[in-house]
Amino acid sequence: MRVETPHPAGVPCPTVASPMRFSATPLVHDTPPPTLGQHTREVLGGLLGMSGAEMDALAAQGVIG
């Protein structure tokens, strides 16, 4: 059940494989977990509707990376 996937940090990332098995669809474990803050701007802009200026202000205050 343990699978190692490549990670942008340059080290293998141990993860847990899905317990589901499908006869016609092989499982592929090639997507690593996101890095810290990787999707922050997408979430704040897309889901919460924040503008780029608002996110830049949060970054300047050290609230987001």
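This passage describes the overall form of the protein and then a patch on its surface.

The structure is a predicted model. A good place to start is the secondary structure, which consists of 2 helices and 2 strands. Following the chain from its beginning, these elements appear in the order β-β-α-α. The radius of gyration is 17 Å, whereas the globule rule gives 11 Å for 65 residues; the value is well over that expectation, so the protein is more spread out than a compact globule. Along the principal axes, the C-alpha atoms occupy a box of roughly 50 × 25 × 15 Å.

How much of the protein is buried? Of its 65 residues, 12% fall into that class. The exposed surface comes to about 5000 Å², and 62% of this area is supplied by carbon and sulfur atoms. Contacts within the chain add another view of the fold. When contacts between residues at least 6 apart in sequence are considered, 25% link residues that are at least 24 apart.

A closer look at the surface brings one group of side chains into view. Which residues form a nonpolar patch there? The patch is made up of Met 20, Phe 22 and Leu 27, which together have about 290 Å² of accessible area. Phe 22 can be located in the loop that runs between strand E2 (13-16) and helix H1 (40-47). The relative accessible area of Phe 22 is 46%, so this residue counts as partly exposed, a class that lies between the buried limit of 20% and the exposed limit of 50%.

Note on methods:
Residues numbered from 1 in each chain as written. Predicted model: local features only at pLDDT ≥ 70, side-chain atom pairs only at ≥ 80, totals over all residues. Heavy atoms only, no water. Helix = DSSP H or I, 4+ residues; strand = E, 2+ residues; numbered from the N terminus. Rg over C-alpha atoms; globule rule 2.2 N^0.38 Å. Buried < 20%, exposed > 50% of the residue type's maximum accessible area, 1.4 Å probe, protein only. Contact = heavy atoms within 4.5 Å. Areas by Shrake-Rupley, 256 points an atom, 1.4 Å probe, with all protein chains shown as cover. Patch = residues over 30% accessible without salt bridge, like charges linked within 9 Å, V, L, I, M, F, W, Y side chains within 5 Å. Salt bridge = Lys/Arg side-chain N within 4 Å of Asp/Glu carboxyl O.
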